[in-house]
Amino acid sequence: MASLDELYNKLKKGDSHSLLKKYLTQDVYDKLKGLKSKLGGTLADCIRSGCENLHSHCGVYACDPEGYDTFADLLHPVIKDYHKVPEVKHPKPDFGDLSNLGFGDLDPKNEYILSTRVRVGRSHAAFAFPPVSSKEDKVEMEKQSVAALNSLTGELAGEYFPLEGMTKEVQTQLTADHFLFNDHDSCLRSAGGYNDWPTGRGIFFNKNKTFLVWVNEEDHLRLISMQKGGNLKEIYTRLVNAIKEMEKKLTFAHHDKLGYLTFCPTNLGTTLRASVHIKIPKLSATPDFKDICEKLNLQPRGTDGENTENKGGVYDISNKRRLGLTEIEAIQEMRKGVEEIIRLERQLDGNN
């Protein structure tokens with residue numbers, strides 16, 4: 001494994017346009033290179049991925065929850081730049097009044113939205129992130145997570161499937177269904193995201209497969225609520241109820257200025273990503289499509305996610321902002337944006 005100096009020299013000499021290279025100046029490097037978090041995280045743990053993958057956009061990960069403060073001279077400027085915020089600041093969590101959200105089904109006639117998904121990331125407060133966590137840590141996190149998941153009742157109740165020991169057939173099917181994760185990302189691999197694979201990892205889902213939880217994928221936990229169609233109210237309400245139930249059993253890492261903490265600094269604050277698979281062949285073909293999404297604070301991706309092409313005019317469209325606003329503000333921003341996208345597509349269809 002390359003030393004810290006070797007990693008830094010590779011970054012300095014390499015052709016990289018990452019936020020890591022932009023903000024890891026010699027002064028910052030000299031200030032941080034000897035520091036270590038209480039859980040043993042180092043600067044090398046934070047920067048290894050970006051140094052080994054010069055094509056990456058961000059290039060930096062947090063070694064553990066405390067790392068956001070220990071290595072703040074690097075991480076905070078990256079966070080401000082990526083999230084386009086003037087200062088590192090985040091409000092207290094607010095999921096809104098679930099009995100009076102003010103929205104329901106965004107596409108009641110099922111004309112445009114194929115499916116809707118809302119997910120959040122969560123981290124165990126007392127455990128490090130992948131570069132630092134041991135095999136024993138992953139096993140313990142899995143144990144605590146599964147105990148909390150098994151306490152869920154009603155529509156959230158389900159079953160946990162550990163990745164270790166899972167048959168190839170089941171694993172292939174769950175991956176094809178987009179229910180399971182894999183170990184194919186080079187940036188995540190360099191960051192230690194696949195250390196001890198597949199130990200401590202698995203998936204939980206309820207009977208209807210409308211509520212899923214990934215355990216020790218990139219983040220300690222990813223809670224996902226999803227279903228066919230555009231009933232954002234049902235999907236969001238299910239997720240918030242699950243979060244509140246999990247918080248009764250587990251303590252999640254939270255920061256006064258950064259909100260909920262996860263492994264990657266691109267996913268902080270609310271950590272909430274609400275998305276629709278939406279068929280908009282006419283609007284997406286216009287030259288203004290990306291600018292329209294930008295003005296609505298939406299992020300368009302290909303049919304199968306980031307860095308993929310659209311199929312038949314179907315896009316994955318989600319809220320862009322996660323830091324500096326509350327959960328209910330993020331979901332409302334996505335809701336209003338998607339409603340506007342549908343209005344514009346309908347207009348191009350001649351169905352005003």
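Let's start with Cys293, which is buried, with a relative accessibility of 0%. Keep in mind that you are looking at a predicted model. Cys63 is buried too, at a relative accessible area of 0%. With cysteines tucked away like this, it is natural to ask about disulfides. How many disulfides does the count come to? The count comes to zero. A disulfide is a covalent bond between the sulfur atoms of two cysteines. Here a pair of cysteine sulfur atoms has to lie within 2.5 Å to qualify. The cysteine sulfur closest to that of Cys63 belongs to Cys46, and at 4.0 Å it is too far away for a bond.

Cys63 also leads us to a glycine. Set aside the neighbours within four places in sequence, and Gly41 is in contact with Leu35, Lys36, Cys63, Asp64, Phe71 and Val132. Where does Gly41 sit in the chain? You'll find Gly41 in the loop between α3 (26-32) and α4 (43-52). Gly41 is buried, with 0% relative accessibility. For a sense of distance, pick out Met334: Gly41 and Met334 are 293 residues apart in sequence, and their C-alpha atoms are 35 Å apart in space.

Now for the stretch of chain around this glycine. An unreviewed UniProt entry carries the annotation "domain: Phosphagen kinase N-terminal" for residues 1-84. Over residues 1-84, the chain is 57% helix and 0% strand. The C-alpha atoms at the two ends of that stretch are 34 Å apart.

Next up, the aromatic rings. How many aromatic pairs does a search of the whole structure find? The search turns up ten aromatic pairs. One of them is formed by Tyr194 and Trp197, whose rings meet edge-to-face, 5.5 Å from centre to centre and with 85 degrees between the planes. Tyr194 is buried, at a relative accessible area of 10%, whereas Trp197 is partly exposed, at 24%. Both belong to a cluster in which ring pairs link Phe181, Tyr194, Trp197 and Trp214.

Stay with Trp197 for a moment, and look at the bond that joins Trp197 to Pro198. This peptide bond is cis, with omega at about 5 degrees. Pro198 itself has its place in the loop between α9 (186-190) and β3 (202-206).

Another ring has a charge for company. The charged end of Arg122 sits over the ring of Tyr260, 3.5 Å from the ring's centre.

From there, let's move to Arg322, in the loop between β10 (314-319) and α13 (327-349). Is Arg322 buried or exposed? Arg322 is buried, with a relative accessible area of 5%. The side chain of Arg322 reaches the backbone oxygen of Asn319, at 3.0 Å. Beyond its neighbours within four places in sequence, Arg322 is in contact with a list of residues that includes His90, Gln299 and Arg301. Also among its contacts are Thr266, Asn267, Leu268, Gly269, Thr270, Thr271, Leu272 and Arg273.

Thr271 deserves a look of its own. Its phi is near 60 degrees, a positive value in a residue other than glycine. Thr271 lies in the loop between β7 (259-260) and β8 (273-279), and at 0% relative accessibility it counts as buried.

Asn297 also has a phi near 60 degrees, again a positive value in a residue other than glycine. You'll find Asn297 in the loop between α12 and β9 (298-301). At 26% relative accessibility, Asn297 counts as partly exposed.

That loop brings us to helix α12, which holds Glu294 and runs over residues 289-295. Glu294 is partly exposed, with 45% relative accessibility. Along the chain, Glu294 and Gly337 are 43 residues apart, and their C-alpha atoms are separated by 10.0 Å. Asp291 has its place in helix α12 as well. Asp291 is partly exposed, at a relative accessible area of 46%. Measuring along the chain, Asp291 and Ile278 are 13 residues apart, while from C-alpha to C-alpha they are 17 Å apart in space.

Note on methods
Residues are numbered from 1 along each chain as its sequence is written. This is a predicted model: local features need pLDDT of at least 70, side-chain atom pairs count only at pLDDT 80 or more; totals for chains, interfaces and linings use all residues. Side-chain values use heavy atoms; hydrogens and water are left out. UniProt positions are given in the numbering used here, feature names are shortened, and annotations may be inferred rather than shown by experiment. Helices (H or I, at least four residues) and strands (E, at least two) are DSSP runs, numbered from the N terminus. Buried means under 20% relative accessible area, exposed over 50%, partly exposed in between (1.4 Å probe, protein chains only). Rings of Phe, Tyr and Trp (its six-membered ring) pair if their centres lie within 6.5 Å; planes under 30 degrees apart count as stacked, over 60 as edge-to-face and the rest as tilted. A charge sits over a ring if NZ of Lys or CZ of Arg is within 6 Å of the ring centre and within 35 degrees of the ring normal. A polar contact is a pair of N or O atoms within 3.5 Å; within protein, one must be able to donate a hydrogen and the other to accept it, and residues adjacent in sequence count only if both atoms are side-chain atoms. Contact means heavy atoms within 4.5 Å.
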